[in-house]
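The briefing below is meant to be read alongside the sequence and the coordinates. It opens with a term needed for solvent accessibility and then moves through the structure topic by topic.

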Amino acid sequence: MLLRPQLPSQLQNQVQNLTFSTLSSSLLHLLKQCKSLTQAKLLHQQLTVHGLTSSPTTLTRLVAAYLHGAGSTSHALASLERLPPSPLSVFYWNALIKAHLRLGSLHGALGLFGRMRGLGWGPDGYTFPYVLKACGELPSFRRGSSVHGVVCALGFESNVYVCNAVVAMYGRCGALEDARQVFDEMSGRGIGDSVSWNSIVSAYVQNGELRTALEMFVEMVLDSGYRFRADAVSLVNILPACAAIGACGRGKQVHGYAVRNGLLEDVFVANAVVDMYAKCGLMDQATQFFDRMEVKDVVSWNAMVAGYSRIGRCEEALCLFEKMVDVGIELNVVTWSAVIAGYAQRGFGYEAINVFRRMQICGLEPNVVTLVSLLSGCASAGALLQGKETHCYAIKCVLSVDGCDTGDEMMVINGLIDVYSKCRRTKVARTIFNSIAFEKRNVVTWTVMIGGYAQLGDANDALELFSDMLKGDNPLLPNEFTISCALMACARLGLLRFGRQIHGYVLRNRYETVMLFIANCLIDMYARSGDVDASHIVFETMCHRNTVSWTSLMAGYGMHGQGEEALQVFEEMRSIGLMPDGVTFVVVLYACSHSGMIGEGIKYFDSMSSEFGVVPGVEHYACMVDLLGRSGRLNEAMKLIEGMPMDPNPIVWVALLSACRIHARVEIGEYAANKLLELESEGDGSYTLLSNLYANAGRWKDVARIRSLMKYTRIKKRPGCSWVQGKKGTTTFYVGDRSHPLSQEIYNVLGDLIHRIKALGYVPETSFALHDVEDEEKGDILYEHSEKLALAFGILTSPPGMPIRITKNMRVCVVPPNVHLKTLLQSNTSLSRPKAALVSVAKEKKEELPQCTKLWLLLGSGKGLDFRSLPLQVERLFPQRVIENSG
């Protein structure tokens with residue numbers, strides 16, 4: 001037997017004491033007092049039992065009880081669907097749609113709108129703003145434009161509230177042209193208000209059109225005849241835009257407007273002012289304003305913490321923590337995330353990890369921003385273990401959670417790719433990258449993977465990915481950081497042709513807003529790829545230049561041994577009022593060192609502090625040691641090291657050891673090598689230099705001892721290699737390499753070239769073949785150098801007129817002046833037309849050409865080989881290295 005549910009005893013007694021005539025009004029009155037779903041359902045039951053649910057008034061009261069008292073939208077909808085359409089009852093449809101919005105059920109809100117219209121109900125001016133908001137938050141341009149069509153069809157295009165919602169919807173959907181068209185139509189009909197202006201300004205801000213947003217704000221304040229006054233919402237919209245583009249002057253004007261109009265009493269406006277100053281790096285002004293604020297909330301403090309963290313004043317940010325606790329402000333996840341992000345952005349990875357641990361001790365759960373900042377810290381510190389731990393946490397709390405926001409998920413995945421790439425685990429990073437569907441990868445995903453390959457020297461993989469990004473039916477537009485990573489990869493391999501193609505892509509696709517950043521990257525790429533003249537052309541065509549532009553051009557001239565040109569650029573930079581900094585002087589001293597300009601280098605080093613106010617750092621001392629060491633002034637280099645105000649780092653000792661290798665100073669070289677071992681310097685460079693130093697002095701037992709030590713400590717010497725760019729990509733060769741399918745043809749060409757070069761009087765300098773064998777065998781070793789194989793392959797496979805560009809991963813041996821290129825070329829009458837071009841990285845009067853390069857520049861025309869009808873341009877490109885290699 002089923003038991004009928006009973007009313008609560010108090011309500012039941014009230015119902016039993018009522019006559020039938022007063023039952024209806026009493027039940028309706030009781031519906032107003034409902035506080036739970038159970039009470040509403042029991043009263044609904046009584047109304048049904050007594051046949052009172054057919055009245056529209058009763059149904060309306062039931063809808064209200066279920067919606068407001070019981071909080072059940074499903075029961076409210078069931079009752080509402082039984083009501084006949086009535087303009088007065090549209091209110092309840094609006095309330096239902098609003099409730100779904102509040103609960104985050106955007107599709108549910110749109111479904112209700114469709115159900116409402118399907119039952120014959122007509123929406124009013126309050127219905128459309130809720131529906132349009134749901135379309136914008138999805139975002140769904142298709143549905144939003146359909147609702148806009150309904151607005152126009154029902155005659156609401158003159159309703160300012162509805163039209164403001166249409167503008168906001170288009171802005172959220174990224175349809176700025178449509179948003180602007182609706183706004184202009186409103187202005188033309190004279191129905192706009194301050195909310196209309198706020199909506200269009202907010203639309204531009206949300207879509208990154210920050211300068212246009214500023215222009216619209218100025219037009220609102222000045223050009224509208226003061227009909228519309230900017231309110232607190234206007235300022236909260238525009239101040240973040242000022243901060244994002246660094247328009248601190250305009251931000252100060254907005255601050256002044258807020259003061260004059262008494263808007264700073266609103267804590268949201270005050271917080272926006274603090275945030276604007278902090279993000280513009282004006283922390284003194286931010287602090288002054290913050291101290292004068294009468295009302296501060298956690299957002300105010302977080303803005304200050306984030307500001308200090310962003311400019312690297314992390315200790316002051318941590319001090320604010322203590323003040324927040326003292327004044328009773330609770331440290332939330334935003335506060336901790338700001339400090340973690342600050343440390344990570346400044347490269348203090350382990351400090352970021354320590355702050356995260358403190359956050360965990362406090363019992364706070366990290367959000368996605370925290371995890372991304374922590375991953376950035378792990379990447380900057382190379383902390384693979386902590387990165388893996390964060391990866392596990394992200395899987396449990398983000399990546400495997402149903403309903404996780406796709407944007408949040410991609411932020412974490414991009415951070416993981418960055419961590420594994422920078423920790424030299426590119427295979428793991430690529431596995432994560434490949435697990436993401438092509439259409440879900442955003443520009444950051446591609447950029448971190450391309451950048452990971454480029455930074456680790458896997459330039460071919462980086463450029464292959466860059467090409468894949470631009471292919472397909474829906475190619476993704478790379479941003480300036482993607483372009484810079486691709487140009488870095490081109491510079492690594494000296495791929496001038498690919499770099500020129502990227503340059504052309506940039507010009508075709510209009511990157512004007514970030515052209516300064518990209519142009520600086522192009523200057524560096526062209527210089528490292530051997531075409532410093534192209535670097536100069538890019539520099540000259542720049543509309544705007546900064547210190548990086550000047551420094552990049554100087555570095556280009558320096559790495560090509562053109563010290564005079566580098567110093568000329570330096571003086572021009574000073575003449576226009578740009579002050580050189582520490583990085584600039586590193587480049588100046590580097591250029592002097594690689595151009596043999598000893599006196600000039602010493603002069604600039606001595607004047608750094610006195611004339612320019614730049615205190616020499618360890619990197620400047622390293623450059624000076626390299627400069628003095630290259631010229632053989634090793635005793636002076638030792639005195640300079642002994643007088644350093646800081647402890648020498650491994651770079652200083654490597655520079656000294658390299659100089660000892662060149663000038664055969666074994667005792668000083670051993671001293672430098674011992675210092676490197678004390679510093680636990682990683683890598684094979686110091687061992688290789690010391691081994692070569694012993695070999696050059698004929699101390700073969702010491703050579704064997706060093707190589708045995710390398711084997712015992714599992715240190716492997718990097719093999720020297722050369723690569724040459726061809727039609728189908730880049731081909732790499734190692735010394736004595738016979739792995740190429742055309743190996744036999746390559747060695748045939750090589751043998752013919754050796755025969756012809758000897759006929760011109762060339763004798764190999766066997767002292768640079770550092771092996772304990774006879775001179776004849778040393779000559780055979782020299783003949784199979786990787787760059788000679790690369791050149792033979794280039795001659796064999798390149799089309800007529802195509803320059804052959806050869807790149808090495810290390811510096812080659814120093815050349816004694818036993819062969820003079822110019823004399824041999826001019827005196828040999830058989831060379832009717834030299835089929836060679838001078839190397840772009842060495843000047844005859846400043847820096848001697850490497851031996852293997854001179855050897856091939858002696859090649860001329862002859863019947864033995866077809867050298868095409870155009871001159872053969874042989875260009876040797878040198879990366880910026882200190883360590884030498886004997887081949």
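A residue counts as buried when its relative accessible area is under 20%, as exposed when that area is over 50%, and as partly exposed in between. By that definition A664, with a relative accessible area of 39%, is partly exposed, because its value falls between the two cut-offs. The model discussed here is a predicted one.

**Overall composition**

- The secondary structure of the protein comes to 46 helices and 4 strands.
- The protein has 887 residues, of which 50% count as buried.
- Among the contacts in the protein with a separation of 6 or more, 65% are accounted for by residues that stand 24 or more positions apart.

**Packing of helix α34 against helix α36**

- Helix α34, which covers residues 582–594, and helix α36, which covers residues 618–630, have axes that come within 9 Å of each other and cross at roughly 10°.
- Because angles under 35 degrees count as roughly parallel, this crossing makes α34 roughly parallel to α36.
- On the α34 side the contact is made by G582, F585, V586, L589, Y590, C592, S593 and H594, while α36 contributes E619, H620, C623, M624, D626, L627 and R630.
- Sorted by character, the residues of this contact between α34 and α36 divide into 8 nonpolar, 4 polar and 3 charged.

**Aromatic pairs and the aromatic cluster**

- A search of the whole structure finds 20 aromatic pairs, and two of them are described here, the pair of Y505 with Y511 and the pair of F570 with F612.
- The ring centres of Y505 and Y511 are 6.4 Å apart and their planes stand at 45°, so this pair is tilted; Y505 and Y511 are both buried.
- For F570 and F612 the ring centres lie 6.1 Å apart with the planes at 65°, so the pair is edge-to-face.
- F570 belongs to helix α33 (residues 563–575) and F612 to helix α35 (residues 598–612), so their pairing ties together parts that are 42 residues apart in sequence.
- Both partners of that pair are buried, F570 with a relative accessible area of 0% and F612 with one of 9%.
- F570 and F612 also belong, together with F585 and Y604, to one aromatic cluster; F585 is in addition one of the α34 residues that make the contact with α36.

**Charged ends over rings**

- The charged end of R545 sits over the ring of F539, at 4.3 Å from the ring centre.
- The charged end of K603 is placed over the ring of Y604, 4.8 Å from its centre, and Y604 is a member of the aromatic cluster described above.

**Surroundings of two helical residues**

- N302 is found in helix α18, residues 298–310, and at 8% relative accessibility it counts as buried.
- Leaving aside residues up to four places away in sequence, N302 touches M324, N332, V334 and T335.
- S380 is found in helix α22, residues 368–381, and at 35% relative accessibility it counts as partly exposed.
- Leaving aside residues up to four places away in sequence, S380 touches A344, G347 and G349; S380 and A344 are 36 residues apart in sequence and 6.9 Å apart in space, taken from C-alpha to C-alpha.

**Backbone features in loops**

- Most residues other than glycine have a negative phi, and most peptide bonds are trans.
- The peptide bond from L138 to P139 is cis, with omega near -15°, and P139 lies in the loop between α8 (127–137) and α9 (141–153).
- R424 has a positive phi of about 65° although it is not a glycine; its place is in the loop between α24 (406–422) and α25 (426–434), and at 62% relative accessibility R424 counts as exposed.
- A664, likewise not a glycine, has a positive phi of about 55° and lies in the loop between α38 (650–663) and α39 (666–678).

Technical notes. Residues are numbered from 1 along each chain as its sequence is written. This is a predicted model: local features need pLDDT of at least 70, side-chain atom pairs count only at pLDDT 80 or more; totals for chains, interfaces and linings use all residues. Side-chain values use heavy atoms; hydrogens and water are left out. Axes are lines fitted to C-alpha atoms, for helices over the stretch in contact, and angles run from 0 to 180 degrees between N-to-C directions. Angles under 35 degrees count as roughly parallel, over 145 as roughly antiparallel, 65 to 115 as roughly perpendicular and the rest as oblique. Contact means heavy atoms within 4.5 Å. Ala, Val, Leu, Ile, Met, Phe, Trp, Tyr, Cys and Pro count as nonpolar, Asp, Glu, Lys and Arg as charged, and the others, Gly among them, as polar. Rings of Phe, Tyr and Trp (its six-membered ring) pair if their centres lie within 6.5 Å; planes under 30 degrees apart count as stacked, over 60 as edge-to-face and the rest as tilted. Buried means under 20% relative accessible area, exposed over 50%, partly exposed in between (1.4 Å probe, protein chains only). A charge sits over a ring if NZ of Lys or CZ of Arg is within 6 Å of the ring centre and within 35 degrees of the ring normal.
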